[in-house]
Amino acid sequence: MRFNWNYDYVKGSKIAYTFSIILTIAGIVSLLALGLNYAVDFKSGSNVDITVSKAITSEQIDPIIKDMGVKEGDVHITPGADRVNVRFSNVLDEKQESKFKQEFSKLDSSASYEVNTVDPEMAKELERNAIYAVLIASIGIMIYVAIRFEWRFALAAVVSIFHDAFVVISVFSIFRLEVNLTFITAVLTIVGFSINDTIVIFDRIRENLRFAKKSTKADLREVVNHSLAQTMTRSLNTTFTVFIASLCLFIFGGESIRMFSLAMVIGTFFGAYSSIFIAAPLWFTLKSKQVNKPKTAAKASN
């Protein structure tokens, strides 16, 4: 069955722009007011990952925390049927770690422990390197697109991928979801997925420009809409495949990749959305100004 994807995507982008602006403002407010819910990877402290043979509740662990002399507000407990995670804001010394294991073993004698500790300097370095990774990837993409296409394509592409990355970050901030190293991996993966989809659309626009009239704004609008219609099936098929795979990982995958999978689910959807309703229409807006210049100059000379 073949669908007719003919639609005025440029006109529809106005609604998309409004939605994205609202979401961006909400994200900025959330980041300024709440920040991100960093995992132990990005802040100093100790993270105790415990594999258990039976379900352990937070209420059972609370007396152990009190007995250690650690404030309850400095500890985050995530119970589970076969796995319990206890995150301490402060780094545990050997005595505290030993006491915790000893007391917890009274609840489950067959429990096994994995303790990860991050000091303040390492946490700051990881956070700094994560920001550098996203920025360097974006700059590299912009240079590549500018060389292969033109600066308008490059600018539209970078706005699109920054939009996708920021949306994912905003969602994690608003809903207080944990940000760890796998989240950064997911953001970089989303950037790569988004630019791949955008490049396919841009390539079709460039190809159609070779055989189309470019004398008016309406001509360019038709090229963009036609190019999007031609690539729509491919874009949706790719997005749907990655989306379903990420969703399955989120539902059936382990706790260690849950946040990665969730970020991919959100980013995959918005990656396709931004390629269609932000990147291509933004290029049209930039390019249409160039088309109008000759006419303006001609009127001025008369």
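Is Arg176 buried, partly exposed or exposed? Here are some notes on this predicted model, beginning with that residue.

1. **Arg176 and the turn after helix 5.** Arg176 counts as partly exposed, because its relative accessibility is 33%, which falls between the 20% and 50% cut-offs. The residue sits in the loop that runs between helix 5 (151-174) and strand 6 (178-179). Its backbone deserves a look too: phi is near 55 degrees, a positive value in a residue that is not glycine. Arg176 follows helix 5 in the chain.

2. **Helix 5 itself.** This helix has 24 residues, and 34 Å separates its first C-alpha from its last, close to the 34 Å expected at 1.5 Å a residue. Helix 5 is mostly covered, with 17 of its 24 residues buried.

3. **Val168, a buried residue of helix 5.** Val168 has its place in helix 5. Its relative accessible area is 0%, so Val168 is buried. Setting aside residues up to four places away in sequence, Val168 touches Phe183, Ile190, Ala263, Ile266 and Gly267. Phe183 and Ile190 fall within the range of helix 6 (181-209), while Ala263, Ile266 and Gly267 fall within that of helix 8 (258-301). For a distance to check in your viewer, Val168 and Cys248 are 80 residues apart in sequence and 19 Å apart in space, C-alpha to C-alpha.

4. **Met259 in helix 8.** Met259 belongs to helix 8 (residues 258-301). It counts as buried because its relative accessibility is 15%, under the 20% cut-off. Beyond residues up to four places away in sequence, Met259 touches Phe172, Leu177, Glu178 and Asn180. Phe172 lies within the range of helix 5 (151-174), and Glu178 within that of strand 6 (178-179). Met259 and Val242 are 17 residues apart in sequence, and their C-alpha atoms are 16 Å apart in space.

5. **The largest pocket.** What space does the largest pocket hold? About 640 Å³. Of the 26 residues in its lining, Asn47, Asn85, Glu178, Asn180 and Glu255 are the closest to its centre. Glu178 and Asn180 are also among the residues that Met259 touches. Strand 2 (45-51), strand 3 (75-78), strand 4 (83-88), strand 5 (112-118), helix 6 and helix 8 each supply at least two lining residues. The largest share, 4 residues, comes from strand 4. By class, the lining has 7 nonpolar, 10 polar and 9 charged residues.

6. **The second largest pocket.** Which residues lie nearest the centre of the second largest pocket? They are Ala130, Ile131, Val134, Ile169 and Ile184, out of 16 lining residues. About 370 Å³ of space lies in this pocket. Helix 4 (120-148), helix 5 and helix 6 each provide at least two residues of the lining, and helix 4 gives the most, with 5. As for its chemistry, 15 of the lining residues are nonpolar, none is polar and 1 is charged.

7. **Helix 3, length and start.** Does the span of helix 3 agree or disagree with its residue count? It agrees, because the 14 residues of helix 3 (residues 94-107) should span 20 Å at 1.5 Å a residue, and the end C-alpha atoms are 21 Å apart. At the start of this helix, a side-chain oxygen of Asp93 comes to within 3.2 Å of the backbone nitrogen of Lys95.

8. **Ser13 in helix 1.** Ser13 is part of helix 1 (residues 9-33). This serine counts as buried because its relative accessibility is 3%. Leaving out neighbours within four places in sequence, Ser13 is in contact with Phe277 and Pro281. Both partners fall within the range of helix 8 (258-301).

9. **Leu220 in helix 7.** Leu220 is placed in helix 7 (residues 217-252). With a relative accessible area of 1%, Leu220 is buried. Residues up to four places away aside, Leu220 touches Leu209, Trp283, Phe284, Lys287, Ser288 and Val291. Among these, Trp283, Phe284, Lys287, Ser288 and Val291 lie within the range of helix 8 (258-301). A useful side fact is that an α-helix has 3.6 residues a turn, so residues three or four places apart point the same way. Leu220 and Asn196 are 24 residues apart in sequence and 23 Å apart in space, C-alpha to C-alpha.

Key
Residues numbered from 1 in each chain as written. Predicted model: local features only at pLDDT ≥ 70, side-chain atom pairs only at ≥ 80, totals over all residues. Heavy atoms only, no water. Buried < 20%, exposed > 50% of the residue type's maximum accessible area, 1.4 Å probe, protein only. Contact = heavy atoms within 4.5 Å. 1 Å grid on protein atoms, 1.4 Å probe; cavity = no way out; pocket = protein on both sides within 12 Å on 5 of 7 lines; lining within 4 Å. Points joined across faces, edges and corners; volume = space filled by probe spheres on them. Nonpolar A, V, L, I, M, F, W, Y, C, P; charged D, E, K, R; others polar. Expected span 1.5 Å × (residues − 1). Polar contact = N/O pair within 3.5 Å; in protein donor to acceptor, adjacent residues only side chain to side chain.
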